[in-house]
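Here's a quick briefing for anyone opening this one up for the first time. Have a look at the sequence and the model, then read on.

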Amino acid sequence: MNLHADFKERIVLNHHALPWQMSPEPGVERKMLDRIGDEVAKATSIVRYAAGAKFASHTHDLGEEILVLDGVFSDETGDYPAGTYLMNPPGSSHAPFSKEGCTLFVKLRHLGSEQTEREIVNTHTAQWLQGLVPGLTVMPLMRQGTGSTLVRWAPQTYFNPHRHHGGEEIFVVDGVFEDEHGRYEAGSWIRSPHMSMHKPFSKEGCTIFVKTGHLL
């Protein structure tokens, strides 16, 4: 299956407008944002676990990133409430489940040899760092290799025009993110190709998950 598989193409979606599709496991549904492959796929998805749903133990040959959007996600290593970021490195395995239900932003099979240790960040307690312009704060998430970052925009924050070497991927966690191309409310996913350019801002304020440099 190929869905938005051309990384030279700019894609803008709001997952709230997409239908839920069943996964192979009862009680686990997903909304596919991009995908290359079938059940073993390089993919970006929104995944929803019903209360009591579980997934069979499996190995992530090329790794996995998860941002817990609501509820509590669990596996044999612990319970991870909304606001938790997890990076499971290539070769890791787990048997995930959710006792009360949860919704996740998930990226599969896009990590490399530089990611070797599992990483977990509680974004409610981790430190925010000052960004490059007033009103912008950043929270580094994945620290091995090409990192993922949480970026918080205060209302009326404007950034400089810039180009994305290796592309950029944004998921709007809350608020409204904007640039000269459009307005992106919570739940929006924007994938911009290598060497694309924009001038982002937020009039209302927002929090976004950002990943750069991985779309070559």
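G213 is partly exposed, with 29% of its relative accessible area showing, and you'll find G213 in the segment after β23 (206-212). Keep in mind that this is a predicted model. Below is a tour of its chain end, its empty spaces, its rings and its cysteines.

**Around G213**

- G213 is partly exposed because its relative accessible area of 29% falls between the 20% that bounds buried and the 50% that bounds exposed.
- Along the sequence, G213 and R191 are 22 residues apart, and in space their C-alpha atoms are 11 Å apart.

**Two residues with positive phi**

- H4 has a phi near 50 degrees, a positive value in a residue other than glycine.
- Look for H4 in the loop between β1 (2-3) and β2 (11-14), where H4 counts as partly exposed at 24% relative accessibility.
- R109, also not a glycine, has a positive phi too, near 60 degrees.
- The loop between β11 and β12 (119-122) is home to R109, and with a relative accessible area of 25% R109 is partly exposed.

**The cavity**

- Rolling a probe the size of a water molecule over the atoms shows where empty space is left.
- How many cavities of 30 Å³ or more does the structure hold? There is one.
- The largest cavity has about 90 Å³ of space in it.
- Its lining is made up of 13 residues, and those nearest the centre of the largest cavity are F7, D34, K42, T44 and K107.
- Three elements, β4 (28-37), β5 (41-49) and β11 (102-108), give two or more residues each to the lining of the largest cavity.
- Sorted by class, the lining of the largest cavity comes out as five nonpolar, five charged and three polar residues.

**The largest pocket**

- In the largest pocket there's about 530 Å³ of space.
- A set of 28 residues lines the largest pocket, with E39, F55, H58, H60 and L108 nearest its centre.
- At least two lining residues of the largest pocket come from each of β4, β5, β6 (58-60), β7 (64-75) and β11.
- Which element gives the most to the lining of the largest pocket? That's β5, with five residues.
- The class split for the lining of the largest pocket is 15 nonpolar, seven polar and six charged residues.

**The second largest pocket**

- The second largest pocket comes in at a volume of about 370 Å³.
- It takes 23 residues to line the second largest pocket, and L67, V68, L69, V173 and D174 are the closest to its centre.
- Each of β7, β15 (148-153) and β18 (168-179) supplies at least two residues of the lining of the second largest pocket.
- As for classes, the lining of the second largest pocket has 11 nonpolar, eight polar and four charged residues.

**Rings and a charge**

- The structure has a count of seven aromatic pairs.
- One of these pairs is Y158 with F201: the ring centres are 5.3 Å apart and the planes sit at 15 degrees, so the pair is stacked.
- Why is that called stacked? Because planes under 30 degrees apart count as stacked, and the planes of Y158 and F201 are at 15 degrees.
- Since Y158 is in strand β16 (residues 157-158) and F201 is in strand β22 (residues 201-202), the pair ties together parts that are 43 residues apart in sequence.
- Are the two partners buried or exposed? Y158 is partly exposed, with a relative accessible area of 41%, whereas F201 is buried at 14%.
- Elsewhere, W153, F159, F177 and Y184 form one aromatic cluster.
- There's a charge over a ring as well: R152 lies over the face of W128, at 4.1 Å from the ring centre.

**Cysteines**

- A disulfide is a covalent bond between the sulfur atoms of two cysteines.
- How many disulfides does the structure hold? The count is zero.
- C102 is buried, with a relative accessible area of 2%.
- C206 is buried too, because its relative accessibility of 3% is under the 20% cut-off.

Technical notes: Residues are numbered from 1 along each chain as its sequence is written. This is a predicted model: local features need pLDDT of at least 70, side-chain atom pairs count only at pLDDT 80 or more; totals for chains, interfaces and linings use all residues. Side-chain values use heavy atoms; hydrogens and water are left out. On a 1 Å grid over the protein atoms alone, a cavity is a set of points where a 1.4 Å probe fits but cannot get out, and a pocket is an open set with protein on both sides within 12 Å along at least five of seven lines; lining residues have an atom within 4 Å of a point. Grid points are joined across faces, edges and corners, and a volume is the space filled by probe spheres set on the points. Helices (H or I, at least four residues) and strands (E, at least two) are DSSP runs, numbered from the N terminus. Ala, Val, Leu, Ile, Met, Phe, Trp, Tyr, Cys and Pro count as nonpolar, Asp, Glu, Lys and Arg as charged, and the others, Gly among them, as polar. A disulfide is a pair of cysteine sulfur atoms within 2.5 Å. Buried means under 20% relative accessible area, exposed over 50%, partly exposed in between (1.4 Å probe, protein chains only). Rings of Phe, Tyr and Trp (its six-membered ring) pair if their centres lie within 6.5 Å; planes under 30 degrees apart count as stacked, over 60 as edge-to-face and the rest as tilted. A charge sits over a ring if NZ of Lys or CZ of Arg is within 6 Å of the ring centre and within 35 degrees of the ring normal.
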